[in-house]
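Me: I have a structure open here and want to go through it with you. Can we start at the surface?

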Amino acid sequence: KVMTVSNINSITSICHHDQKWFLSTEGQSGGMIVSVDDGMNWTQFKPALFNFSHPVTLLSFGKYLIAGTEYGGIPKIQRSQDGQQWNDIQLAGKPLTQIHCGIISGNTIWLGVIGGVIFSTDSGSSWTSPSNNGLEHKADEYVTSLAVTGNHLLAISSLNNFYYSWNGGDDWTKNSGNGLPANGYFFSIAIYKDTSFLGSSSGIMR
């Protein structure tokens, strides 16, 4: 044990960027925690315009650290090179919904949001929302875990649905049966080479 932080609910994101470890924590005393010596010592701070009463998603892409957060009830994407100074990414004409997870695939950054996914192919400078057709309750169903290889996406939603999309998020198909537990809960999804792994209340499925 190298650090104890009181009054937090959880560590919501762990990210390695620019030879530093960044952790985001959620709760009354939530904030950003950073280590420059591979986790032996940690420093806690709160960047401006971040709300750590909700989960903050962190992703490292090239020279940038990308954060999905909210402030004053407004979801935000912020970007930083050092983790200290952050800049808002403006989404012109596209209202952003709350961000719940993220993943890097090749040259693309994917974020799971309410109603599906959004993506960026220019280091987070601009974002595209695919059609995201097929979610059962698009207005309030959000992606909690996301796995991507090329244009093939697998997603678990807040309503315990398991979806796949073979066209980059334009169309989603709900997957049920086919070996999946009928009354189980889905928690996380990952893809390694040609194999998908699903974490569920019934165990690990492949």
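Me: Which residues make the nonpolar surface patch?
Reply: Val 2, Met 3 and Met 40 make the patch, which covers about 280 Å². Keep in mind that this is a predicted model.

Me: Where is Val 2 in the chain?
Reply: Val 2 sits in the segment before strand E1, which runs over 10-17.

Me: And how is Val 2 classed by accessibility?
Reply: Val 2 counts as partly exposed because its relative accessibility is 47%.

Me: Pockets next. How much space lies in the largest pocket?
Reply: The largest pocket holds about 230 Å³ of space. Its lining has 14 residues, and the closest to the pocket centre are Pro 55, Thr 57, Ile 99, His 100 and Cys 101.

Me: Which strands each supply at least two residues of that lining?
Reply: E1, strand E6 (64-71) and strand E9 (99-105) do. E9 gives the most, with four residues.

Me: What is the lining of the largest pocket like by class?
Reply: Nine of the lining residues are polar, four are nonpolar and one is charged.

Me: OK, salt bridges. How many are there?
Reply: The count is three salt bridges.

Me: What is the N to O distance for Asp 18 and Lys 20?
Reply: The salt bridge between the side chains of Asp 18 and Lys 20 has an N to O distance of 3.3 Å. Asp 18 is partly exposed, because its relative accessible area is 46%.

Me: Which residue does Lys 76 pair with?
Reply: Lys 76 pairs with Asp 88, side chain to side chain, at 3.0 Å from N to O. This pair links distant parts of the chain: Lys 76 is in strand E7 (residues 74-80) and Asp 88 is in strand E8 (residues 87-88), twelve residues apart.

Me: Is Lys 76 buried or exposed, then, and what about Asp 88?
Reply: Lys 76 is buried, because its relative accessible area of 18% falls under the 20% limit. Asp 88 counts as partly exposed, at 28% relative accessibility.

Me: And what does Lys 174 form a salt bridge with?
Reply: The partner of Lys 174 is Glu 136, and their closest N and O atoms are 3.1 Å apart. Lys 174 lies in strand E15 (residues 173-174), while Glu 136 lies in the loop between strand E11 (116-120) and strand E12 (143-149), so the pair ties together parts that are 38 residues apart in sequence.

Me: What are the relative accessible areas of Lys 174 and Glu 136?
Reply: Lys 174 has 38% and is partly exposed. Glu 136 is partly exposed too, with 44%.

Me: Switching to the backbone. What is phi of Gln 19?
Reply: Phi of Gln 19 is near 65°, a positive value in a residue other than glycine. Most residues other than glycine have a negative phi.

Me: Where is Gln 19 placed?
Reply: Gln 19 is in the loop between E1 and strand E2 (20-26). Gln 19 is also exposed, because its relative accessible area of 68% is over the 50% limit.

Me: And what about phi of Asn 178?
Reply: Asn 178 has a positive phi as well, near 50°, and is a residue other than glycine. The place of Asn 178 is the loop between E15 and strand E16 (186-192). With a relative accessible area of 73%, Asn 178 is exposed.

Technical notes:
Residues are numbered from 1 along each chain as its sequence is written. This is a predicted model: local features need pLDDT of at least 70, side-chain atom pairs count only at pLDDT 80 or more; totals for chains, interfaces and linings use all residues. Side-chain values use heavy atoms; hydrogens and water are left out. Patches are made of residues with over 30% relative accessible area and no salt bridge: like charges are joined within 9 Å, nonpolar side chains (Val, Leu, Ile, Met, Phe, Trp, Tyr) within 5 Å. Accessible areas come from the Shrake-Rupley method with a 1.4 Å probe; for residues, only the protein chains shown count as cover. A salt bridge is a side-chain nitrogen of Lys or Arg within 4 Å of a carboxyl oxygen of Asp or Glu. Buried means under 20% relative accessible area, exposed over 50%, partly exposed in between (1.4 Å probe, protein chains only). On a 1 Å grid over the protein atoms alone, a cavity is a set of points where a 1.4 Å probe fits but cannot get out, and a pocket is an open set with protein on both sides within 12 Å along at least five of seven lines; lining residues have an atom within 4 Å of a point. Grid points are joined across faces, edges and corners, and a volume is the space filled by probe spheres set on the points. Ala, Val, Leu, Ile, Met, Phe, Trp, Tyr, Cys and Pro count as nonpolar, Asp, Glu, Lys and Arg as charged, and the others, Gly among them, as polar.
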